[in-house]
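Student: I have just opened a new model and would like some help reading it. Could you walk me through it?
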Amino acid sequence: MSTAWVSGSLPVSVDADKCIADKGCTICVDVCPLDVLEIDATSGKAVMRYDECWYCLPCEQDCPTGAIHVDIPYLLR
Amino acid sequence: MSEDKSITVDVLVIGGGTAGPMAAIKAKQANPQLRVLLLEKAHVKRSGAISMGMDGLNNAVVPGHATPEQYVREITVANDGIVNQHTLMAYARNSYPMIEELDRWGVKFEKDETGDYAVKKVHHVGTYVLPMPEGHDIKKVLYRQLRKHGVEISNRLVATRLFKDKDGRIAGAAAIDSRTAEFHVVRAKSVILCTGAAGRLGLPASGYLFGTYENPTNAGDGYSMAYHAGAELSGIECFQINPLIKDYNGPSCAYVTGPFGGYTANALGQRFIECDYWSGQMMLEFYNELAGGKGPVFLKLDHLADETLTKIEDILHANERPSRGRFHAGRGTDYRAQAVEMHISEIGLCSGHSASGVWVDEHARTTVPGLYAAGDLACVPHNYMLGAFVYGKLAGEDAARYCAEQQPGEIATADIVAERERVLAPLSRTEGLSPNQVEYKLRRMVNDYLQPPKVTKKMELGLARFAEIAADLQRIVARNPHELMRANEVSFILDCAEMAARASLYRTESRWGLYHYRLDHPERNDTDWFVHVQLHKGEDGAMRCFKRAVEPYIIEVGEHERDAYSRLRIHQHEVAA
Ligand SMILES: Cc1cc2nc3c(=O)[nH]c(=O)nc-3n(C[C@H](O)[C@H](O)[C@H](O)COP(=O)(O)OP(=O)(O)OC[C@H]3O[C@@H](n4cnc5c(N)ncnc54)[C@H](O)[C@@H]3O)c2cc1C
Ligand code: SF4
Ligand code: SF4
């Protein structure tokens with residue numbers, strides 16, 4: 001399939017210093033109803049993989065270290 | 001082709017949001033020997049409409065504040081007479097016991113100084129809103145009960161189709177894993193559909209596919225599955241359309257703020273509707289105000305005392321849609337100084353809010369033996385969260401009884417093979433369309449052709465566009481299991497779009513205010529259309545609509561009461577007088 005790079009602002013950001021996915025945490029990935037988060041294979045940290053966020057906040061609320069911040073998606077802001 | 005995963009249970013509950021967990025718990029309570037599986041697309045801990053709690057119960061029938069008879073009358077009137085009162089009554093009678101049970105389980109409802117439930121008036125006539133300012137833990141409470149009762153849970157499984165045996169009884173379901181794309185077959189004596197609203201039907205004005213009013217996990221999966229299983233659906237033309245915070249697209253929320261003194265106003269700061277309870281009639285006045293030169297419409301709060309506003313913020317910014325506060329901050333909106341701009345949502349199908357759903361009786365039975373439906377996708381008008389719990393309970397208990405008398409049904413191998421091939425096909429393609437491209441186009445067409453006011457020619461054109469998109473489904477490419485889930489959701493959305501168009505075209509009158517306002521049939525016509533419009537898949541595989549008579553009422557509705565919801569508009573000369 002043909003592909004193109006699309007750059008843009010994503011609503012979910014993860015503070016890599018605070019994220020403890022490398023110690024086995026997957027909580028945000030588990031709770032997201034849209035399944036848009038993933039533990040990145042290279043960095044070992046949580047990342048937003050799909051721009052499909054309902055800005056509902058379970059990921060942010062349930063993260064044990066406060067590593068996640070959710071912004072309102074740019075198109076709605 | 002790898003081996004399919006397969007499992008055999010007694011009761012399969014599909015969807016673990018609100019109705020689903022209750023159905024599973026109640027089936028287990030009714031008969032602890034049964035194997036009950038709760039299958040969930042996301043994760044039961046945080047899935048569905050109530051993932052972050054709820055602002056309150058919109059339809060609590062609490063003794064001392066309301067009676068089941070009053071409630072049945074109010075919803076009959078709010079839904080312009082087209083109701084099966086037996087289903088409303090089953091809800092109303094079970095409403096209070098359900099509140100008490102949830103309370104015992106640890107769900108927090110607002111109480112007054114004497115410990116009684118602090119019910120508020122928001123509806124046009126009666127008093128039914130019970131706030132839950134500390135309701136954020138509701139999913140945790142349900143999860144604890146699921147564990148306690150030994151309900152089996154499978155997360156991240158997307159159900160795609162139901163299976164029947166040769167006698168037409170329900171026999172199980174197919175599902176795909178959204179992380180691995182493995183194909184699952186679940187055999188079950190009975191299936192309870194609890195997959196929520198069709199929330200990804202219209203495209204939000206923001207253009208963001210997932211910026212919907214409903215939790216966008218709910219793409220209309222259950223509507224589509226019930227349809228393909230041959231079940232009757234009802235009231236599909238009675239769309240869900242809500243008054244929401246513009247762009248944010250969540251409730252503002254008049255039910256919370258109303259009892260504190262907030263109200264909906266036009267650009268001149270004038271009230272124009274008597275009652276903020278969401279109904280088609282209210283939405284029509286909202287639409288008229290937007291179109292009539294006095295718009296936009298706002299939620300007005302700036303006249304309230306500072307401490308009241310702090311209380312409102314504590315509720316609205318911590319519960320249900322807690323990112324509301326973040327949205328307002330980004331725009332510099334402070335309830336103390338600015339009114340909140342509101343707008344009309346995209347269309348959806350949801351009996352929780354309006355009336356479109358899978359046809360059920362007062363035991364949550366659909367027209368397919370062994371198949372039940374509960375919650376937003378089951379046609380019990382204005383049922384909301386407590387209705388999802390009550391019908392989850394009714395379904396779970398009845399399914400447990402049904403199972404005791406049944407032998408498991410046989411699923412034909414050919415059916416399994418065909419379904420596996422259908423759902424996995426996008427993974428095997430390398431050239432074609434991406435799921436989100438097709439979804440965007442489909443939902444834009446839904447807006448262009450189906451958003452009320454409805455126009456016959458436009459809806460016919462819409463059907464032509466949907467048929468083209470049906471052909472595009474054969475070209476969707478999924479690069480991974482996640483995209484495979486999205487690709488399958490597009491087909492659910494397409495089914496819902498076609499149902500919405502056909503049911504709307506069939507009912508050649510206007511009813512339910514804006515929900516079914518047809519410009520070329522602008523009048524309500526009780527002579528021909530005081531009936532339910534049913535929709536199903538005919539013997540020939542084509543979509544068919546037909547009329548079903550309204551059951552004789554068990555609660556009489558007086559002449560004058562009947563039109564109460566058509567008299568919501570406040571005329572300015574009355575205010576001046
Ligand atoms: C923003 C918002 C505010 C609301 N506010 C109120 C309120 O204040 N008071 C009130 O009474 N009601 C309110 N409601 C309505 C109430 O929340 C719903 O009526 C009720 O929760 C619906 O329950 P449900 O079980 O039908 O759907 P949900 O709770 O949404 O559950 C559906 C579940 O099915 C799962 N699912 C979907 N498709 C599949 C599939 N193919 N396979 C497997 N699983 C699947 C989903 O992941 C989800 O968990 C509100 C709704 C929304 C969206
Ligand atoms: S929940 Fe927090 S700590 Fe855990 S993986 Fe996600 S971001 Fe990292
Ligand atoms: S806000 Fe909701 S949808 Fe967005 S990433 Fe977090 S949990 Fe997922």
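Tutor: We will go through the contact between the chains, then the domains of chain B, then ligand 2.

Student: Before that, what kind of model is this?
Tutor: This is a predicted model.

Student: OK, so how many residues does each chain bring to the contact?
Tutor: Chain A gives 29 residues to the contact and chain B gives 37 residues. The area buried between chain A and chain B is about 3000 Å², and carbon and sulfur atoms account for 55% of that area.

Student: How many salt bridges and polar contacts are there between chain A and chain B?
Tutor: The rule finds five salt bridges across the interface of chain A and chain B, and the count of residue pairs in polar contact, both at pLDDT 80 or more, is 24. One of the salt bridges joins A:D35 to B:R156, where the closest N and O atoms are 3.8 Å apart.

Student: And which elements of chain A give two or more residues to that side?
Tutor: Those elements are α1 (27–31), α2 (58–62) and β4 (68–70) of chain A, and the largest share comes from α2(A), with four residues. By class, the side of chain A that touches chain B holds 19 nonpolar, three polar and seven charged residues.

Student: Switching to chain B, where are its domains?
Tutor: Chain B is divided into domain 1, covering 243–344, and domain 2, covering 414–538. Taken over C-alpha atoms, the centres of these two domains of chain B are separated by 31 Å.

Student: How much area is buried between those two?
Tutor: About 570 Å² is buried between domain 1 and domain 2 of chain B, with carbon and sulfur atoms giving 76% of it. On the domain 1 side, B:G280, B:L284 and B:Y287 lose the most area to domain 2, together 62% of what that side buries.

Student: How many salt bridges there?
Tutor: The rule finds zero salt bridges across the interface of domain 1 and domain 2 of chain B, and one residue pair in polar contact, with both residues at pLDDT 80 or more. Helix α7 (residues 280–291) of chain B gives the most to the domain 1 side, with five residues, and that side as a whole divides into five nonpolar, three polar and no charged residues.

Student: Last topic: which residues surround ligand 2?
Tutor: Ligand 2 is surrounded by residues of chain A including A:C19, A:C25, A:C28, A:C63, A:P64 and A:T65. The shell around ligand 2 divides into 11 nonpolar residues, one polar and no charged.

Methods
Residues numbered from 1 in each chain as written. Chains lettered and ligands numbered in written order. Predicted model: local features only at pLDDT ≥ 70, side-chain atom pairs only at ≥ 80, totals over all residues. Heavy atoms only, no water. Near = heavy atom within 4 Å. Nonpolar A, V, L, I, M, F, W, Y, C, P; charged D, E, K, R; others polar. Domains from an automatic or database assignment. Buried area = accessible area lost by both parts, 1.4 Å probe. Salt bridge = Lys/Arg side-chain N within 4 Å of Asp/Glu carboxyl O. Polar contact = N/O pair within 3.5 Å; in protein donor to acceptor, adjacent residues only side chain to side chain. Contact = heavy atoms within 4.5 Å.
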